[in-house]
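Biologist: I have not looked at this one before, so could you walk me through it slowly?
Modeller: Gladly; let us put it on the screen and begin with a single residue.

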Amino acid sequence: MVHLWVRSESRAHEERVGLTPQGAAKLIAAGFRVTVEESQQRILPIADYASAGCEIVPEFSWVDAPDDAIVFGLKELPDDGTPLRHRHIMFGHAYKGQPAGQVLLGRFRGGGGTLLDLEYLTDADGRRVAAFGYWAGYAGAAVSLMCWIAQQRGTIVGAVKAYPSANHMLAELQQALVALGTQRPTALIIGALGRVGTGAADLCQAMGVATTKWDMAETASGGPFPQVLTHDIFLNCILARPGTPVFVPASSKVATRDLSVIGDIACDPDSDFSPIKVCDRTTTWDAPALRVHDNPVLDVTAIDNLPSMLPAESSEDFAEQLLPHLLTLDALNDGVWGRAQACFDRAIG
């Protein structure tokens, strides 16, 4: 019997979950054992999981879970350095040379566990089978627009928050834009045909932001791309990988430009392959923008859990995509799980 253990998230502002009560009921009906930790911040109530037939346990008790339990979460584990002995399904951010990722892999080596990275769950053609991309793009474009609005007021954007729904976010943004009059920014989206770019484009369209949409055809030359500097907002919606062109070189800080906001929605600023060379760190909910130049201003926002700003929509969407593959966890050596295992094996050498 496969035992799936849904852990509580330890990261602040992380209200998402990768399995809904409805999905848990389907796993149980298929013969799975499903344990769900209590949580003080999860968007979906624990009572609904109990009603679905899940075993309910205290939050953060996964460390004492049986050896055969597969621990399922989304974001990072507590950074306490302890060896990891379980199989973990999560976003590890560990395969592109990230310093924190190397520490995480060391913990798996020390404990004999395995990382089944959600970013590397792919079909036979290499396409990801489940992603938060659309809502990351949607929320990332919204935060970038908030940065621009704050600049028009002569300030830097303040703390951001989670919203009960996308409609609540849209209403708040629209109110702020109306207060500015008819002025609207322009935006350029890299990766506009992907899930992340589609979400970003939909937010821009809803807010009346004139948007230039680029994808592989427009970036095939490899650069340079001076057009980026002629837009007010640049939205990076492509993952950093070997061969990714540089879209915003370090020289952009002092170049003649209209560009004043960079939304690094893909958010790999500490990767060697990052296409944005004016910032090397993530930003936070409490301080969403990093001002990298003052005159003229240039703010970078690079929040790595953007979909949690819309936890209800993003959880439902992701869980629906992932559930068919969770139902195949009884065949860990095959399909998406076998490919994820191979990625881990290569990473730890």
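**A first walk through the chain**

Modeller: Val 254 counts as exposed, because its relative accessibility is 66%, and this is a predicted model, which should be kept in mind throughout.

Biologist: Where in the fold is Val 254 found?

Modeller: Val 254 is in the loop between strands E9 and E10. To place it against another part of the chain, its C-alpha atom is 21 Å from that of Ser 144, a residue 110 positions away in sequence.

Biologist: And Lys 253, is that one buried, partly exposed or exposed?

Modeller: Lys 253 counts as partly exposed, because its relative accessibility is 27%, and the partly exposed class lies between the 20% and 50% cut-offs. Lys 253 also lies in the loop between E9 and E10.

Biologist: What does Lys 253 touch, leaving out residues up to four places away in sequence?

Modeller: With those set aside, Lys 253 touches Val 278, Val 292, His 293 and Leu 298. For Val 292, the C-alpha to C-alpha distance is 7.4 Å, while the two residues are 39 apart in sequence.

Biologist: Let me step back a bit. How many helices and strands are there in the chain?

Modeller: The chain has nine helices and twelve strands. Along the principal axes, its C-alpha atoms fill a box of roughly 60 × 45 × 35 Å.

Biologist: How does the radius of gyration compare with that of a compact globule?

Modeller: The two agree, because a compact globule of 349 residues would have a radius of gyration near 20 Å and the chain has 21 Å. Buried residues make up 53% of the 349 residues. If we take the contacts between residues at least 6 apart in sequence, 71% of them join residues at least 24 apart.

Biologist: What about the surface, how much of it belongs to carbon and sulfur atoms?

Modeller: Carbon and sulfur atoms account for 53% of the accessible surface, which comes to about 14,700 Å² for the chain. As for charges, the chain has 27 positive and 40 negative ones, and their mean positions are 3 Å apart.

Biologist: Back to single residues, then. Is Asn 236 buried or exposed?

Modeller: Asn 236 counts as buried, because its relative accessibility is 1%. Asn 236 is part of strand E9, which covers residues 233–236.

Biologist: Which side chain does Asn 236 make a polar contact with?

Modeller: The partner is Asp 264, and the polar contact between the two side chains is 2.8 Å. Beyond its neighbours within four places in sequence, Asn 236 is in contact with several residues, including Ile 190, Gly 263, Ile 265, Pro 275 and Ile 276.

Biologist: Changing topic, is there anything unusual in the backbone?

Modeller: A general point helps here: most residues other than glycine have a negative phi, and most peptide bonds are trans. Against that background, the peptide bond from Gly 223 to Pro 224 is cis, with omega near 5°, and the bond from Asn 295 to Pro 296 is cis too, with omega near -5°. Pro 224 lies in the loop between helix H7 (216–219) and E9, whereas Pro 296 lies in the loop between strand E11 (289–294) and strand E12 (297–301).

Biologist: What about phi at Phe 60 and at Cys 267?

Modeller: Phe 60 has a positive phi, near 65°, and Cys 267 has a positive phi of about 60°. Phe 60 is in the loop between E3 and strand E4 (70–72), and Cys 267 is in the loop between strand E10 (261–264) and E11. Phe 60 counts as partly exposed because its relative accessibility is 37%, while Cys 267 counts as buried because its relative accessibility is 10%.

Biologist: One last residue, Cys 54: where is it found, and what does it touch beyond four places away in sequence?

Modeller: Cys 54 is found in the loop between helix H2 (46–51) and strand E3 (55–57), and it touches Ala 24, Ile 28, Val 34, Val 36 and Tyr 49. Cys 54 is buried, because its relative accessible area is 8% and the cut-off for buried is under 20%. From Cys 54 to Ala 124, 70 residues apart along the chain, the C-alpha atoms are separated by 32 Å.

How values were computed: Residues are numbered from 1 along each chain as its sequence is written. This is a predicted model: local features need pLDDT of at least 70, side-chain atom pairs count only at pLDDT 80 or more; totals for chains, interfaces and linings use all residues. Side-chain values use heavy atoms; hydrogens and water are left out. Helices (H or I, at least four residues) and strands (E, at least two) are DSSP runs, numbered from the N terminus. The radius of gyration is taken over C-alpha atoms; the globule rule is 2.2 Å times the number of residues to the power 0.38. Buried means under 20% relative accessible area, exposed over 50%, partly exposed in between (1.4 Å probe, protein chains only). Contact means heavy atoms within 4.5 Å. Accessible areas come from the Shrake-Rupley method with a 1.4 Å probe; for residues, only the protein chains shown count as cover. Lys and Arg count as positive and Asp and Glu as negative; His and the chain ends are not counted. The place of a charge is taken as NZ of Lys, CZ of Arg, CG of Asp or CD of Glu. A polar contact is a pair of N or O atoms within 3.5 Å; within protein, one must be able to donate a hydrogen and the other to accept it, and residues adjacent in sequence count only if both atoms are side-chain atoms.
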